[in-house]
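Hi everyone, thanks for making time for this. I'd like to walk you through one structure today, so let me put it up on the screen.

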Amino acid sequence: METTLTTGTLAGTGSFRCLACDDIITLNALDPLPPCPSCGGTSYVRASLFVGETLHREVPSGSSEDRHKRAQDIREELPEPGQYLTYEDGERLVLVPLVREWTRIGRSLAADVRFDDPTVSRRHALIVRQHDGVRVLDDRSLNGVFVNGERVEWRALEDGDEILVGRYRLQFVDAEQGPTRGLARFGRRADA
């Protein structure tokens with residue numbers, strides 16, 4: 001039987017699942033349980049890989065229309081055509097140009113896109129660029145990789161797709177098709 005823990009409890013080191021939304025948080029030994037960052041819930045149980053189906057849930061994602069509008073807004077500000085991963089770091093939008101065949105995402109110091117957060121595995125995901133498209137692969141992560149709210153082992157990416165890695169939301173932007181407004185603003189030509 002699972003013991004229910006409430007906000008403010010010193011529960012010790014480990015991962016805990018919100019009973020209201022199934023979101024997972026990870027704590028250090030002296031951290032009290034906070035209100036759930038996703039829903040504000042106050043009741044938790046210790047999370048386990050071996051109990052229940054919570055790791056196979058869908059995660060809420062913005063609508064397809066919202067994702068494509070956001071990708072279009074980002075595309076208009078890009079300095080040059082290409083394929084990018086974007087994510088917010090506080091108030092700042094981070095652009096990661098995808099220029100190599102493999103881009104590693106994780107907590108490891110060797111990751112190309114590094115998130116120092118316990119919800120992200122050391123080797124969480126790979127972005128693979130090949131002649132037939134761009135894919136995201138789950139690199140044996142604990143919390144999984146979600147594309148547009150659906151947990152995936154791998155998935156071909158399309159412009160505007162949202163990728164969830166731990167608590168971080170990244171967006172794939174494909175601006176290979178030609179010039180953007182950002183090119184004119186930065187004074188560069190598309191063929192330069």
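Let's start at the hairpin that β14 and β15 form, with two residues between the strands. In that turn, Gly166 has a positive phi of about 60°. Do keep in mind as we go that this is a predicted model. The hairpin strands, β14 at residues 162-165 and β15 at residues 168-175, pair in the antiparallel sense over four bridges. If you want a place to look, find Val165, which stands opposite Tyr168 in β15.

Now, which strand is joined to β14 by three bridges? That is β11, residues 145-147, and β11 and β14 run antiparallel. Here Phe146 has Leu164 as its bridge partner in β14.

Staying with β14, where do its side chains go? Glu162 and Leu164 point one way, while Ile163 and Val165 point the other way. And are these four buried or exposed? All of them are buried, Glu162 included.

Ile163 takes us straight to the nonpolar core. The largest one has 21 residues, and Ile163 is among the members that touch the most others, together with Leu85, Ile105, Ile127, Val136, Leu157 and Leu170. As for where the core residues come from, the elements giving two or more are β5 (82-89), β6 (92-97), β9 (125-130), β10 (133-138), β11, β14 and β15. So both strands of our hairpin are on that list. There is also a second, separate core of nine residues, which includes Ala11, Phe16, Leu27 and Leu33. As background, nonpolar side chains in soluble globular proteins tend to be buried together.

Let me zoom in on Leu85. Leaving out residues up to four places away in sequence, Leu85 touches Val94, Leu95, Val96, Leu98, Ile105, Ile127, Ile163, Leu170, Gln171 and Phe172.

On to the next piece, an open sheet. Five strands make it up, in the order β8-β7-β9-β10-β13, and the pairing is mixed. Which strands stand at the edges? They are β8 (113-114) and β13 (154-156); each has a single partner strand, so one side of each is left without a neighbour in the sheet. For β13, three bridges join it to β10, and the two run antiparallel. Val136 stands opposite Arg155 in β13, and Val136 is also one of those well-connected members of the largest core, touching the most other members.

Now for some backbone angles that you might want to look at. Most residues other than glycine have a negative phi. Two residues here go the other way. Asp22 has a positive phi of about 70° although it is not a glycine, and Asp22 lies in the loop between β2 (14-18) and β3 (24-27). Arg140 has a positive phi of about 60°, again without being a glycine, and its place is the loop between β10 and β11. How exposed are they? Asp22 is partly exposed, at a relative accessible area of 23%, whereas Arg140 is exposed, at 65%.

Finally, the whole chain. Its secondary structure comes to two helices and 15 strands. Of the 192 residues, 41% are buried. Among contacts between residues at least 6 apart in sequence, 45% join residues at least 24 apart. The accessible surface comes to about 11200 Å², and 50% of that belongs to carbon and sulfur atoms.

That's my tour, and I'm happy to go back to any part of it.

Note on methods:
Residues are numbered from 1 along each chain as its sequence is written. This is a predicted model: local features need pLDDT of at least 70, side-chain atom pairs count only at pLDDT 80 or more; totals for chains, interfaces and linings use all residues. Side-chain values use heavy atoms; hydrogens and water are left out. Buried means under 20% relative accessible area, exposed over 50%, partly exposed in between (1.4 Å probe, protein chains only). Two strands pair if DSSP finds at least two bridges between them. A nonpolar core is a set of buried Ala, Val, Leu, Ile, Met, Phe, Trp, Tyr and Cys residues joined through side-chain atoms within 4.5 Å. Contact means heavy atoms within 4.5 Å. Accessible areas come from the Shrake-Rupley method with a 1.4 Å probe; for residues, only the protein chains shown count as cover.
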